[in-house]
Amino acid sequence: MAHFETQYQRLESSSTESPPGGGDLLVHVPEGAKSPWHHIENLDLFFSRISFRRAGCTPPSPGLSKNGFTCMLIGEIFELMQFIFVVAFTTFLISCVDYDILFANKAVNHSQHPSEPIKVTLPDAFLPPNVCSARIQANSFLICILVIAGVFWIHRLVKFIYNICCYWEIHSFYINALKIPMSTLPYYTWQEVQARIVQIQKEHQICIHKKELTELDIYHRILRFKNYMVAMVNKSLLPIRFRLPLLGDTVFYTRGLKYNFELIFFWGPGSLFENEWSLKAEYKRAGNRLELAEKLSTRILLIGIANFLLCPLILIWQILYAFFSYTEILKREPGSLGARCWSLYGRCYLRHFNELDHELHSRLSKGYKPASKYMNCFISPLLTIVAKNVAFFAGSILAVLIALTIYDEDVLAVEHVLTTVTLLGVGITVCRSFIPDQHLVFCPEQLLRVILAHIHYMPDHWQGNAHRYETRDEFAQLFQYKAVFILEELLSPIITPLILIICLRPKSLDIVDFFRNFTVEVVGV
């Protein structure tokens, strides 16, 4: 797969790419006849919100589907509340808990008679409000973190209010322009919604540069930047593949790294695009490519330095959020981290041009089960034997502890017994994830063909080699362990600045040439 590279060719700008009647045309509409959606300036964002609104109104449960706007509103409110909770709860744990009492290193006596048995309650470990406040004020680093968190939360709050206003406009657009009530929206397909958008173009002139819109125009606008990212990943232009000692060929592509790529290329200050949809004129000319490459290199350096400065804060947030998000899941389902998921790199590499998020998700979800079965074909027999025996020993000890607990529950009061029971249970569950079902029959070649039917990708050297570990390792870059995904996200704040400064900067000239050679002007798009 490392040698697989799509050979794109540049298409020259041509008015023939517009549909009939869609030439360079400005439609004049009398002032009094204009609709509220006449000449929408940023159609990219408008169509993106329409598609997101449609996708957001299709939850798994039909009972919730009639309140798409309400669900989105409550979802964003809870995101704001989550941030406050993580910051406040972490501050409380750091400054407002007496761990000596909690760990029984210090005695607490509620009674006037010292001979009476002492029963420690949870509130006993909480410090008084004045002591807690004093400890917070004395911690300058914590105060600095809280100030930064407060500024960030206010930024998110302003963005939330802005998004609510925008989505209310989309809500009105669905009802008044598309004539689709919110109660029936979840039962419309995206293709039906899109057909109505194309149909109302003549009435509302949401795009004044073309008399008629096509489905392809809408897809191009929604997926403008995602198509660029797909092309850059497929052409190995972005530094996300590395050859490391001991690890060999490795892919590192996280949400933080993806965010920085998009910030640099598409929408951040000094990016290659203006108005969020048009490539700047200077990047369309080859004459000053060296100067532009130098500018881009400087910009990448500055953003890399900013990532270095923010690294401690982002790292702390990533660790706290992962801890609060996955600890309960790990306790309830210890084997969940051994499950697999489509990697962020796989989602980008396997994505078709002009494929919306929900379409990609649907296609990859259909290939999830055969992909899991294929990866399970490669469980080591030696590892299976070790897992069975470790599970036997751990299960024996756990059975004895459970039997003693049933006989006398005071056994749980013995120090570390409850911890031992919990760890043994987790260990047994993890071991079972490495023990395959003895009744299953695996056929790697057949499974890989089933996967191909959904992911639409198979390098030539995979054919006939589905049983080889080389093929398995390459496929694992697309279909990774959930635990690996979490680990990469935790390491992202540290590794992302290094990738930007060391690996991305030398590619500045190639990036400038890429955007010049593979950008085509299409009227109305």
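**View 1. Glu212 and its partner Lys202 in the predicted model.** Glu212 is partly exposed in this predicted model, because its relative accessibility of 33% falls between the limits for buried and exposed. Its side chain meets that of Lys202 in a salt bridge, with 3.9 Å from N to O. Follow the chain and you will find Lys202 in helix H6 (residues 190-204), while Glu212 sits in the loop between H6 and helix H7 (215-222). The two residues are ten apart, and the pair links distant parts of the chain. Lys202 counts as exposed, at 59% relative accessibility.

**View 2. A salt bridge between helices H8 and H12.** Here the side chains of Lys226 and Asp357 come together in a salt bridge, at 2.7 Å from N to O. Lys226 belongs to helix H8 (residues 224-234) and Asp357 to helix H12 (residues 357-366), so this pair, 131 residues apart, links distant parts of the chain. Lys226 is partly exposed, with a relative accessible area of 30%. Asp357 is partly exposed too, with a value of 42%.

**View 3. Arg468 with Glu470, and a network elsewhere.** Take a look at Glu470, which forms a salt bridge with Arg468; their closest N and O atoms are 3.5 Å apart. Glu470 is partly exposed, with a relative accessible area of 46%. Arg468 also counts as partly exposed, at 39% relative accessibility. In another set, Asp44, Arg221 and Arg224 are joined into one network by salt bridges that share partners. If you would like to hunt for others, a search of the whole structure finds 14 salt bridges.

**View 4. Helix H4 crossing helix H5.** Helix H4 covers residues 129-138 and helix H5 covers residues 140-177. Their axes come within 5 Å and cross at roughly 85°. That angle lies in the range from 65 to 115 degrees, so H4 is roughly perpendicular to H5. On the H4 side, the residues to pick out are Ile136, Gln137 and Ala138. They meet Ser140, Leu142, Ile143 and Leu146 in H5. By class, the contact of H4 with H5 holds five nonpolar and two polar residues, and no charged ones.

**View 5. Ala88 and Leu146.** Ala88 lies in helix H2 (residues 68-95). Its C-alpha atom is separated from that of Leu146 by 9.0 Å, although the two residues are 58 apart along the chain. You may recognise Leu146 as one of the H5 residues that meet H4. Ala88 is partly exposed, with a relative accessible area of 43%.

Note on methods:
Residues are numbered from 1 along each chain as its sequence is written. This is a predicted model: local features need pLDDT of at least 70, side-chain atom pairs count only at pLDDT 80 or more; totals for chains, interfaces and linings use all residues. Side-chain values use heavy atoms; hydrogens and water are left out. Axes are lines fitted to C-alpha atoms, for helices over the stretch in contact, and angles run from 0 to 180 degrees between N-to-C directions. Helices (H or I, at least four residues) and strands (E, at least two) are DSSP runs, numbered from the N terminus. Angles under 35 degrees count as roughly parallel, over 145 as roughly antiparallel, 65 to 115 as roughly perpendicular and the rest as oblique. Contact means heavy atoms within 4.5 Å. Ala, Val, Leu, Ile, Met, Phe, Trp, Tyr, Cys and Pro count as nonpolar, Asp, Glu, Lys and Arg as charged, and the others, Gly among them, as polar. Buried means under 20% relative accessible area, exposed over 50%, partly exposed in between (1.4 Å probe, protein chains only). A salt bridge is a side-chain nitrogen of Lys or Arg within 4 Å of a carboxyl oxygen of Asp or Glu.
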